Amino acid sequence: MGKILIVSAVFPPEPVVSAMLSYDIAMRLCEMGKEVVVVCPKPSRPLDYVFDETEKDYPFERVVLESYVYPESRIIGRTRESYSFGKAIERFIVNYPHRIDAIYANTWALFSQHSLAKTAVKKHIPYFIHEQDIYPESYCVRLPKPLNSLLYKILAPIDTYVQRNATRIFAISPTMITYLSASRGIEKERFVLARNWQDDATFIESYKPLVKKSECCHIMYLGNVNPTANVTLVIDAMSHLDKEKFHLSIIGNGPDKEHCQEMGKALGMDITFGSVAPTEVASKQSEADILVLCLKKGVAKTATPSKLTAYMLTGRPIIASVDTDSDCADIIRATGCGMVVEPDNEEELRKAITTLAAMPSEELSKMGMTAFDYAKAHLSKETNLKIITDEITACTKTDGAGQAPQ
């Protein structure tokens, strides 16, 4: 029996969603009797996090590859990181002494994926790409228009090659599937919808319905504090509200945290900053009356934030400042579990906060329970983990040469 290779750009002890996804997939495949090897870079996410690097007794082989890591949000550094990890993956696959039956890849976009894809194609190994975002669009949107168009023309063929040669592409939203299928010229049947999940058990155990909102309405953001998360918009919006009636907590680490702290002080706000272990996320979010999610314009169109699942499983109403034609917005509107406002619009966000805060506790509690029920039914670990592992194991039922069925 050959090995199933899991290539993961992040992996425990990194406390981020993609790390947990790869870990859960590795564990489930082992439970199914598969031999698994995981390759990843040294831990680096989130920025400034102190990692517990105690050696773990995994039921699979874990190999930390030597490659450049760059946890900050700068394009040049991230590009170098992606290229370096891709080359490390290529060397590993070429030199690995055992047969590889299939590759699951949740790795850095474009260059890392491309090195993996080229090597897998050359060695006739079926591979599965797990798309968390859409590149190069997410790169290019940050640049001025003339440069944006030029860079897209250069980089788009790289992503198209990766996806066209993949056995299956796991996508995290229906809108992502529709866009990638049309823009890359790939039939929809090659895509598989697999939502990102959280540790359901932790959230279910910690679930506390909102009984009565606080006298001072507690607004919370919990997640990576980076430029894409647009946390500064929340600070700006709440800086004009009555400090006796509203309180903001920003829980998490990241490259924008220090800037947010300085901004809060300059505006005379008493913001609570902090960080939590992954196992404490659910109980921490339960302290809030309202959870807020902000993404810069264009970001939500290409990805559904895993934070949405975590928020919904906490059972609190959600305010999302995101693209109104995104999957994230569709879910919130369809369930009625909160409010959606245009991205980058401080005034609309402030109005949404005051509108929800003015609602009776019973109404807010109902929104939260609706969110919780929907997440359990559609965004659960069990449902989506099975989708991925079933697809991977189906391709290992081959003639022994490692060639996937098409």
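Buried is used here for a residue with under 20% relative accessible area, exposed for over 50% and partly exposed for anything in between, taken with a 1.4 Å probe and protein chains only. By that definition Tyr 58 is buried, with a relative accessible area of 18%. The structure is a predicted model, in which local features need pLDDT of at least 70 and side-chain atom pairs count only at pLDDT 80 or more, while totals for chains, interfaces and linings use all residues. Residues are numbered from 1 along each chain as its sequence is written, and side-chain values use heavy atoms, with hydrogens and water left out.

A good place to start is with the aromatic rings. Rings of Phe, Tyr and Trp (its six-membered ring) pair if their centres lie within 6.5 Å; planes under 30 degrees apart count as stacked, over 60 as edge-to-face and the rest as tilted. The structure holds 13 aromatic pairs. In one of them, the ring centres of Phe 11 and Tyr 58 are 6.2 Å apart and the planes stand at 70°, so this pair is edge-to-face. Helices (H or I, at least four residues) and strands (E, at least two) are DSSP runs, numbered from the N terminus. Phe 11 belongs to the loop between strand S1 (3-8) and helix H1 (17-31), and Tyr 58 to the loop between strand S2 (35-40) and strand S3 (61-64), so the pair ties together parts that are 47 residues apart in sequence. Phe 11 is buried too, with a relative accessible area of 1%. One aromatic cluster is formed by Phe 11, Tyr 23, Tyr 58 and Phe 60.

Another edge-to-face pair is that of Tyr 135 and Tyr 139, at 5.0 Å centre to centre and 70° between the planes. Both of these tyrosines are buried. Tyr 68 has a charged partner: the charged end of Arg 80 sits over its ring, 3.7 Å from the centre. For such an arrangement, NZ of Lys or CZ of Arg has to be within 6 Å of the ring centre and within 35 degrees of the ring normal.

Next come the strands, beginning with S8 (residues 217-222). Six of the six residues of S8 are buried, so this strand is largely enclosed by the rest of the structure. Its two faces are both covered, with Cys 217, Ile 219 and Tyr 221 buried on one side and His 218, Met 220 and Leu 222 buried on the other. Two strands pair if DSSP finds at least two bridges between them. S8 pairs in the parallel sense with strand S9 (residues 246-251) over six bridges; within this pairing, Ile 219 stands opposite Leu 248 and Leu 222 opposite Ile 251. From S8 the chain crosses through helix H8 (residues 231-238) to S9 in a right-handed β-α-β crossover. Right-handed means that, with the strands pointing away from the viewer, the path from the first strand over the helix to the second runs clockwise. S8 also runs parallel to strand S11 (residues 290-294), to which two bridges join it, and Ile 290 is the bridge partner of Ile 219 there.

The connecting helix H8 is mostly covered, with seven of its eight residues buried. These are Val 231, Thr 232, Leu 233, Val 234, Ile 235, Ala 237 and Met 238. The cover over the buried residues of H8 includes S8, S9, helix H9 (257-266), S11, strand S12 (318-321) and helix H14 (346-357), where contact means heavy atoms within 4.5 Å.

S9 itself is largely enclosed by the rest of the structure, because six of its six residues are buried. Phe 246, Leu 248 and Ile 250 are buried on one side, and His 247, Ser 249 and Ile 251 on the other. S9 and strand S10 (residues 272-274) pair in the parallel sense over three bridges, and Ser 249 stands opposite Thr 272 in S10. The chain passes from S9 through H9 to S10, and this β-α-β crossover is right-handed.

Finally, some individual residues deserve a look. The structure holds zero disulfides, a disulfide being a pair of cysteine sulfur atoms within 2.5 Å. For Cys 260, the nearest cysteine sulfur is that of Cys 294, 11 Å away. Cys 260 counts as buried at 0% relative accessibility, and Cys 140 is buried with a relative accessible area of 2%. Ser 361 is placed in helix H15 (residues 361-378) and counts as buried at 10% relative accessibility. Leaving aside residues up to four places away in sequence, Ser 361 touches Leu 210, Val 211, Lys 212 and Lys 213.
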